[in-house]
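Please find below a colleague's note on the aromatic rings of this model and on the charged side chains that lie over some of them.

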Amino acid sequence: MPAPTVDVGSSATGLSVDREMAQRVPIAIPTGKGAANRSFEAIAEATPGARNDTYGTSIAGTTSPENKYYVDGLSVNDPGFGLNGTGLSVEFLEEVRIEAGGYMPEHGRSTGGVINAVTKSGSNQFHGNVWAYYTPGQLEGRREIARREGDAIVTERNLNWIGDAGFDLGGRLIKDKLWFYGGVSIARTVYDLTSSWNRVALDPQGNALIDPETKFTVTERIAGTTQRFKAQGTTVQAIGKLTYSPNKRNTLELLAIYAPSLSGGNGTYGMNAQTGQPEVLNLVGDYGALARKYRDNATDLQFKWNWRDDEGKWNFDTILGWHHQLNQRNAVDGSRVGDTTGLAGTPSVIYRQTNNFYGADGSLLEPGMPGYREVHSLTDLTPLPAGAPAGACDPMMYGYTDPTTMDAQTRSVVCPIRQWTAGGPGLLYDRRLDRLQAREIVTRLARGAGHHVIKFGVDFEYTQYNSNRGYSGNQIYRESTNGTNFADFRMYSFLNGPDEANVIRNLNWNVMSTTIGGFIQDSWSIMDKVTLNAGLRYDAQHLFSGDRTLAMALPNQFSPRVGLIWDPTYSGKAKLFVNYARFYQSVPLNLADRAGTGEPGLQSFHNAVGPGACSDPLAPGANEPGGACTTDANRLLIGGPADPDQRWALASAGKTPIDPRLKPQSSDEIVAGGEYEIITDTRLGLQYTHRWLHRAIEDMSRDEAATYFIGNPGYGIAKDFPKAKRVYDAATLFIEKRFAKHWMITGSYTLSWLRGNLAGLFRPETGQLDPNTTSDFDLISLLENRSGYLPGDTRHSFKIFAAGEIVLGNGQFLRLGGAFRARSGGPTNFLASHVLYGFDESFILPRGTGERLPWNFSIDPTIGYTKILRKDLRLTISMDVFNVANFQQVLAIDERYTFDEVNPIKGGTSADLANATTTDGSPITVNPNFGNPTLYQQPRQFRFGVRLSF
């Protein structure tokens with residue numbers, strides 16, 4: 001029996017995507033996360049107010065790790081980071097239910113949305129599908145390339161192909177008793193990465209040519225330097241399900257899912273499973289330093305038992321489940337974390353020297369004068385490709401007129417490179433994660449001054465995270481922008497005594513958490529006129545460190561929820577509703593692993609100038625005992641006269657102290673709205689959401705990273721820090737018609753605001769995924785200017801999804817439909833580097849005060865043809881066209897105002913930038929690419945599909 005068009009018993013907001021909508025409407029964009037197999041998370045973006053973020057789908061102003069992900073009620077969140085751990089294909093699903101807000105206490109441990117994938121089941125009738133989908137890169141529209149000033153390497157990323165194929169089958173083993181369902185799919189993604197060397201183009205007078213429109217230095221490609229690589233990954237998914245009903249009271253179900261993924265190696269680059277994108281965008285480094293081999297597996301097992309009485313008044317649901325993940329990142333030569341040979345035994349080095357053409361007094365410098373500095377020449381860091389003309393990048397003097405200052409400079413580097421990574425691959429890891437869960441839910445139907453649907457239940461979760469990680473060659477070196485030293489940018493280490501460092505090759509921690517919760521709720525239809533939904537949820541989470549001691553206790557998570565719904569028609573045709581809810585976040589185990597157990601780190605600075613200096617950490621013998629980059633003779637003195645440590649500084653420490661009165665991270669929400677069934681199966685609605693962060697959990701430092709502590713910013717021991725804020729306001733107008741009488745439509749317009757100083761469980765500006773330990777509150781020197789419009793602040797968003805079919809006769813149908821999306825641009829920033837934290841950590845000016853990004857539009861039509869070959873056998877072929885108009889609007893710009901270390905200018909404006917200086921008082925070198933596009937819309941793409949259903 002279909003659900004009512006207007007659910008007068010619920011105040012929840014969101015969207016339900018059934019099998020018809022998932023197959024008929026092009027929702028999952030081919031190059032997004034989970035696009036290859038069209039995962040259930042990818043189609044959640046269709047929800048009003050939802051948008052794609054770096055790691056998945058953001059709902060109601062939150063970040064994707066804050067969502068709760070279920071498959072048939074089994075939690076599949078990554079225990080370490082909160083992401084979706086099992087991106088099951090929509091081909092195996094009956095429905096995807098996305099609850100964006102207003103949901104009842106039955107759902108908890110999420111400050112975002114709740115996304116539940118409902119798998120298909122067997123029946124007395126045999127049914128199945130065979131399918132294949134293919135998106136060829138050769139048919140892509142013209143792709144706009146993000147041009148960069150000042151780099152000799154240009155990389156073009158183009159889709160080679162994306163596709164998936166598979167089958168599923170369901171039916172009976174014993175009629176009316178035992179049914180089965182199963183399926184297998186394989187998905188593959190391949191990108192082409194083409195890099196070429198370029199040199200500065202000169203006019204006959206020996207002056208660099210400047211493009212009058214872009215203000216970029218004109219470059220010319222060097223013949224014989226083009227190199228071609230691939231980034232590719234393969235995912236297999238297998239699902240099996242048994243359903244047994246020995247009698248009308250009992251139903252038992254067993255579900256199993258296995259989904260392994262492999263990518264990278266053998267001369268190719270890998271795919272980042274957390275983002276769904278190639279691991280590199282620009283090939284500015286050696287292959288061994290930029291590329292890794294990835295293995296990402298997910299395994300799920302679940303047993304469900306449903307018991308109901310003969311009168312239908314009592315219903316018991318028992319669920320036992322296990323979710324397991326294996327995530328490995330190894331060097332491309334096969335060496336692994338902890339190995340002392342191969343690439344895993346080679347340190348990673350980041351070269352990043354910048355230009356300097358001005359003295360401290362602002363005077364123009366000439367080559368050879370003290371303080372004059374140019375970026376590295378590419379051939380200083382890597383050999384010229386064999387096919388290139390000899391001497392193509394040799395230095396030569398040429399004139400350059402700065403298009404900003406109009407100063408006439410003299411330069412010599414014709415193949416400049418602003419950043420280059422060499423050596424080993426940096427961070428390597430082997431992660432194993434488990435989530436064991438048990439749940440009992442009881443439903444009771446009762447009468448008393450109306451009708452009651454009473455639910456109560458308890459559930460328990462045990463999660464475990466075993467993390468073995470380390471840096472190749474023990475560390476990452478990073479060159480200073482002035483080229484005078486190399487810092488131990490990342491290195492696991494601690495001090496045995498004054499200036500006596502002990503370097504750790506790898507850390508291996510095994511942390512765990514337990515969560516127990518319960519809820520009670522009543523949906524009370526008062527005299528069948530007004531419905532009151534009220535309930536309370538309680539959760540208590542305890543996190544344990546690697547030594548099995550209690551690291552963090554988060555009890556007393558009381559979540560009240562109350563909603564009131566009134567049907568003014570008294571006939572189920574309309575509703576007016578209001579709802580209040582508190583939501584608590586389940587803390588991922590990454591916090592217990594890094595902060596609760598400890599991640600000790602030191603930093604020293606190696607002199608890079610003069611005889612015997614650490615001028616190149618990759619030089620032979622430089623990292624051997626007593627070598628140029630290990631001897632104390634080359635370590636700069638950084639401690640004060642009275643400090644016991646003169647050459648070493650703490651960058652991170654062991655266990656992080658935790659506020660004994662720490663409160664769980666939580667948010668509050670008020671939603672209100674109304675809906676009306678305007679025609680049969682079609683509802684029109686208007687709703688308003690106000691959601692705000694109540695408390696956050698973050699790590700903080702009062703002594704510039706020497707020591708840290710964890711608390712609630714603005715409360716308890718962190719009361720001298722600013723309170724964490726995130727406020728989301730949104731008004732949504734929507735229309736929805738289910739597929740009936742050969743057509744369907746879902747459309748929405750959302751007007752929203754998102755402001756605060758904390759985006760959520762990851763930092764969109766840098767991509768840092770460290771739930772509850774991001775850098776947002778870490779250092780006193782970085783706290784200024786963090787409040788403002790957050791990256792997810794999208795003022796206007798339009799979405800329309802529609803599908804229909806025309807009956808042609810003789811068992812033939814023409815299928816038509818499509819999607820339309822339009823979204824206004826988000827805010828941008830003025831960012832700088834920080835001496836301890838690196839690029840893009842300092843907000844020079846207040847957050848979100850940069851120029852807003854432009855609107856972007858996408859029109860995605862679909863056409864298909866269905867032929868009924870015989871009873872219960874039909875063939876469908878389809879073609880989806882994404883971004884048919886080939887809009888190439890800017891989606892992101894370079895927000896890095898400078899590579900230099902610069903402290904925030906409190907409450908500053910763009911007028912203050914002219915007088916800004918680095919932390920050592922030197923003039924700022926402005927990034928010539930600041931404000932230039934870094935990402936455009938995906939070009940027009942075609943996806944062809946064929947399906948045989950029986």
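1. Rings of Phe, Tyr and Trp, the last taken by its six-membered ring, count as a pair if their centres lie within 6.5 Å. In that sense, ring pairs link Tyr749, Phe798, Trp855, Phe857 and Phe887 into a cluster. The model discussed here is a predicted one.

2. Across the whole structure, a search finds 25 aromatic pairs. One of them joins Phe126 and Phe180, whose ring centres are 6.2 Å apart and whose planes meet at 55°, so the pair is tilted; planes would have to be under 30 degrees apart to count as stacked, or over 60 to count as edge-to-face.

3. As for where these two rings sit, Phe126 belongs to the loop between strand 7 (114-119) and strand 8 (127-136), while Phe180 is part of strand 10 (residues 178-200), and the pair therefore ties together parts that are 54 residues apart in sequence. Phe126 has a relative accessibility of 47% and counts as partly exposed.

4. Within the cluster named in the opening point, Trp855 and Phe857 form a stacked pair, with 5.9 Å from centre to centre and 15° between the planes. Trp855 is partly exposed, at a relative accessible area of 34%, and Phe857 is likewise partly exposed, at 35%.

5. Turning to charges over rings, Lys575 lies over the face of Phe577, at 5.2 Å from the ring centre. Arg852 lies over the face of Tyr789, again at 5.2 Å from the ring centre.

How values were computed: Residues are numbered from 1 along each chain as its sequence is written. This is a predicted model: local features need pLDDT of at least 70, side-chain atom pairs count only at pLDDT 80 or more; totals for chains, interfaces and linings use all residues. Side-chain values use heavy atoms; hydrogens and water are left out. Helices (H or I, at least four residues) and strands (E, at least two) are DSSP runs, numbered from the N terminus. Buried means under 20% relative accessible area, exposed over 50%, partly exposed in between (1.4 Å probe, protein chains only). A charge sits over a ring if NZ of Lys or CZ of Arg is within 6 Å of the ring centre and within 35 degrees of the ring normal.
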